[in-house]
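This report describes selected helices, strands, loops and side-chain environments of one protein. The sequence and the coordinates are shown first, and the description follows.

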Amino acid sequence: MKIQLEAYAKINLTLDVGKVREDGMHPVDMIMQIISLKDMVSVEIVPGEAAASGLMTVLGTKINIEGNSPAIPRDESNLAFKAAKIILEEFKPKDISEVNIYIEKNIPIAAGLAGGSGNGGAVLHGLNALLNLDLSMEELCRLGERLGSDVPFSMLGQAKGNTNLPEKIQEKGAYAARATGTGTLLEPCTPLDAWVLISKPSIGVSTKEVYEGIDEFFIARRPNNQVALKALNDNNMDDLRSNMINVLENYTLEVKSQVAFLKDDMLNLCDGALKVLMSGSGPTIFAIFKDEKDSKAAYEKLRNKLSQEYVVELCHTMI
């Protein structure tokens with residue numbers, strides 16, 4: 001009993017952040033979109049008697065995580081493990097000796113692209129299908145919230161892109177959505193049909209550090225997400241461009257010089273780009289192109305200029 005799912009990366013077309021709340025969380029208002037860059041996540045359940053106890057064992061069921069990269073955590077810190085644990089503890093399926101998870105990692109790690117969140121979301125989707133739990137998209141997203149704020153949106157994108165999921169799940173899928181609250185209140189919206197050139201430096205950026213630091217920065221410009229939503233619906237690129245703002249750049253570009261240098265390089269090399277912007281808390285920078293020819297030309301220039309310390313990918317926003 002096995003299922004393989006495509007777990008897509010996401011970018012932020014806009015990202016606004018409010019002041020920290022009493023619970024330590026920051027309210028956000030942002031528009032996210034999945035892109036064709038993806039991990040492949042295989043989930044398998046093995047029938048049999050549950051084990052008594054052991055490392056990475058939940059209610060007698062062993063959870064095994066493998067992958068194609070040594071950077072993939074094989075322990076309880078992996079959101080894929082945490083997703084399997086939630087399902088096992090919540091629904092207590094019987095006669096399962098093991099849950100085997102294999103992650104083919106293509107999305108850069110710690111990149112602001114929701115790679116780990118997508119892996120966790122894929123495990124929730126996969127176990128829902130394999131165990132015939134018949135959970136709705138709304139119920140799955142509520143479980144996903146317990147893993148992280150990017151997980152529910154990642155699951156919407158997976159529902160849109162994976163035809164082997166239940167039909168009622170596919171119907172709730174979306175390429176793009178506005179996210180508010182802590183990022184888990186989702187309003188699907190019209191996606192941007194474009195080419196995306198992404199680049200990530202070798203450094204990682206702590207999301208916790210960025211959100212803790214942003215409160216100390218003056219933010220001169222913020223996106224108007226109502227205008228951005230209307231611009232997406234109307235295909236108004238001028239209004240969209242003027243509201244493609246990520247306020248977290250105020251912190252990350254100031255504190256992480258390598259990210260600031262990368263954005264400057266992309267601004268100089270990406271002729272014809274609609275926008276050059278940081279995704280999430282960084283360090284990935286992406287350029288949006290409406291014209292495929294311009295995107296490929298910029299890809300070649302960027303790939304030839306940057307050292308191998310950088311990941312450079314060209315992908316599409318429509319799966």
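The 13 residues of helix H10 (residues 257-269) should span 18 Å at 1.5 Å a residue, and the end C-alpha atoms of H10 are 18 Å apart, so the two values agree. The model is a predicted one. Within H10, the buried residues are Val259, Ala260, Leu262, Lys263, Asp265, Met266 and Leu269. These buried residues pack against strand E8 (195-200), H9, E9, E10 and helix H11 (292-305).

**Helix H6 and its cover**

Helix H6 comprises residues 207-214, and Val210, Tyr211, Gly213 and Ile214 are buried in it. These residues lie on the same side of H6, because they cover an arc of only 165° around the axis. The cover over the buried residues of H6 includes strand E1 (2-17), strand E2 (28-47) and helix H9 (249-255).

**The loop between E9 and E10**

Which residues does Ser281 touch, leaving aside those up to four places away in sequence? They are Val205, Thr207, Val210, Leu248 and Thr252. Val210 is also one of the buried residues of H6. Ser281 itself is found in the loop between strand E9 (275-278) and strand E10 (285-289), and its relative accessibility of 5% makes it count as buried. The side chains of Ser281 and Thr207 are joined by a polar contact of 3.1 Å.

Pro283 has its place in the loop between E9 and E10 as well. The peptide bond that leads from Gly282 to Pro283 is cis, with omega near 5°.

**Strands E6 and E7**

Strand E6 (residues 176-180) is mostly covered, with four of its five residues buried. E6 runs antiparallel to E2, and four bridges join the two. Opposite Arg178 in E6 stands Ile31. E6 is also joined to strand E7 (residues 185-189), by five bridges in an antiparallel arrangement. Here Ala176 has Cys189 in E7 as its bridge partner. The hairpin of E6 and E7 has four residues between the strands, and Gly181 takes a positive phi near 70° in it.

**Cysteines**

How many disulfides does a search of the whole structure find? The search finds zero. A disulfide is a covalent bond between the sulfur atoms of two cysteines, and the cut-off for counting one here is a sulfur pair within 2.5 Å. The sulfur of Cys189 is 15 Å from the closest cysteine sulfur, which belongs to Cys141, and this is too far for a bond. For Cys270, the closest cysteine sulfur is in Cys315 at 13 Å, again too far for a bond. Cys189 is buried, with a relative accessible area of 15%, and Cys270 counts as buried at 5% relative accessibility.

**The loop between E5 and H2**

Pro108 is placed in the loop between strand E5 (96-104) and helix H2 (115-130). Its relative accessibility is 14%, so Pro108 counts as buried. Apart from residues up to four places away in sequence, Pro108 touches Leu37, Leu113, Lys200 and Val311. Pro108 and Lys200 are separated by 92 residues in sequence, while their C-alpha atoms are 7.7 Å apart in space.

**The loop between H2 and H3**

Most residues other than glycine have a negative phi, and most peptide bonds are trans. Asn132 has a positive phi of about 55° although it is not a glycine. Asn132 is placed in the loop between H2 and helix H3 (137-145). Asp134 has its place in the loop between H2 and H3 too, and its phi, near 60°, is a positive value in a residue other than glycine. Are these residues buried or exposed? Asn132 counts as exposed at 65% relative accessibility, and Asp134 counts as exposed at 54%.

The relative accessibilities of the individual residues discussed above are collected in the table.

| Residue | Relative accessibility | Class and citation |
|---|---|---|
| Ser281 | 5% | buried |
| Cys270 | 5% | buried |
| Pro108 | 14% | buried |
| Asp134 | 54% | exposed |
| Asn132 | 65% | exposed |

Notes. Residues are numbered from 1 along each chain as its sequence is written. This is a predicted model: local features need pLDDT of at least 70, side-chain atom pairs count only at pLDDT 80 or more; totals for chains, interfaces and linings use all residues. Side-chain values use heavy atoms; hydrogens and water are left out. Buried means under 20% relative accessible area, exposed over 50%, partly exposed in between (1.4 Å probe, protein chains only). The arc is that of the directions from the helix axis to the C-beta atoms. Contact means heavy atoms within 4.5 Å. A polar contact is a pair of N or O atoms within 3.5 Å; within protein, one must be able to donate a hydrogen and the other to accept it, and residues adjacent in sequence count only if both atoms are side-chain atoms. Two strands pair if DSSP finds at least two bridges between them. The expected span of a helix is 1.5 Å times one less than its number of residues.
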